[in-house]
Amino acid sequence: MRELAAFYCPRCGYYAYYQTSRHPQCPRCHSQETMHMVRMHYKEFMDMSCQERDDYLGNEILKHNPSLMERLTEPHKKYNSREIIAEMNMEIMRLDTENKVLSDTIKWMHDTIWEMIREQKKAEQTGK
Ligand SMILES: [Zn+2]
């Protein structure tokens, strides 16, 4: 039997167990990037508590984001979780706004397409 390993998604934090020979993609966020293999035995990973897994994966994800890591390790921020939380909060709010704009655009496109279809039908009915 093939060896198992824990894999995690650096984008959304999802994790699951797969065979080590696989290069899984995240089933949750469908990121193009393949999931990263956790560098410890899967049994060791399984034995950790949820909190420990969270901490461990949180650290791994941060390591793969050099710019964020750089900002977090600025000397005065090193032990300043308040600023880190504030910064992440801002990022989340920014992404929320972006999402809102995107869904508004989609709604607008949807409405426009329906409007066009209605116009077309009307033209077809009256034109002939
Ligand atoms: Zn993901």
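**Close-up views of a predicted model**

**View 1. Strands 1 and 2, side by side.** Strand 1, residues 4-8, runs antiparallel to strand 2, and five bridges hold the pair together. The model is a predicted one, so take each of these pairings as a prediction. Look along the pair and you'll find A5 bridged to Y18 of strand 2, while L4 sits opposite Q19 of that strand. At the turn, six residues separate the two strands of this hairpin. One of the turn residues, G13, has a positive phi of about 85°.

**View 2. The whole sheet, with its two edges.** Now pull back to take in strand 3 as well: the three strands make an open sheet in the order 2-1-3, with antiparallel pairing. Which strands stand at the edges? Strand 2 (15-19) and strand 3 (36-37) do; each has a single partner strand, so one side of each has no neighbour in the sheet. As a reminder, strands of a sheet pair through backbone hydrogen bonds.

**View 3. The nonpolar core around strand 1.** Eight residues make up the largest nonpolar core: A6, F7, Y8, C9, C26, M35, F45 and L57. Strand 1 gives this core its largest share, three residues. Zoom in on Y8 for a good look at the surroundings: leaving out neighbours within four places in sequence, Y8 contacts G13, Y14 and Y15, then M35, H36 and V38, and finally L57 and E60. Two of those partners, M35 and L57, are listed in the core too. Don't expect much burial elsewhere, though: of the 128 residues of the protein, 6% count as buried.

**View 4. Q25 in the loop.** Q25 lies in the loop between strand 2 and strand 3. Is Q25 buried, exposed or partly exposed? Q25 counts as partly exposed, because 15 C-beta neighbours fall inside 10 Å. Setting aside residues up to four places away in sequence, Q25 touches H30, S31, T34 and M35. H36 is 11 residues from Q25 along the chain, and the C-alpha atoms of the two are separated by 9.2 Å.

**View 5. H30, with an unusual label to check.** H30 is in the loop between strand 2 and strand 3, and H30 is among the residues that Q25 touches. Check the backbone here: H30 has a positive phi of about 55°, although H30 is not a glycine. H30 is exposed, since the count of other C-beta atoms within 10 Å is 10.

**View 6. Helix 2, end to end.** Helix 2 covers residues 50-63, and its 14 residues should span 20 Å at 1.5 Å a residue. The end C-alpha atoms of helix 2 are 20 Å apart, which agrees. Helix 2 is hardly covered, with one buried residue among its 14.

**View 7. The full chain and its confidence.** Step back for the overall layout: four helices and three strands, running β-β-β-α-α-α-α from the N terminus on. Of the contacts between residues at least 6 apart in sequence, 32% join residues at least 24 apart. The average pLDDT of the protein is 82, and 86% of the residues score at least 70. Where is confidence lowest, and where is it highest? Helix 3 (residues 66-72) is lowest at a mean of 67, and strand 3 is highest at 94. Where pLDDT is low, the predicted coordinates should not be read in detail.

How values were computed: Residues are numbered from 1 along each chain as its sequence is written. This is a predicted model: local features need pLDDT of at least 70, side-chain atom pairs count only at pLDDT 80 or more; totals for chains, interfaces and linings use all residues. Two strands pair if DSSP finds at least two bridges between them. The expected span of a helix is 1.5 Å times one less than its number of residues. A residue is buried if 20 or more other C-beta atoms lie within 10 Å of its own, exposed if 12 or fewer, and partly exposed in between; C-beta atoms are placed from the backbone. pLDDT is the predictor's confidence in each residue, from 0 to 100. Two residues are in contact if their C-beta atoms, placed from the backbone, lie within 7 Å. A nonpolar core is a set of buried Ala, Val, Leu, Ile, Met, Phe, Trp, Tyr and Cys residues joined through C-beta atoms within 7 Å.
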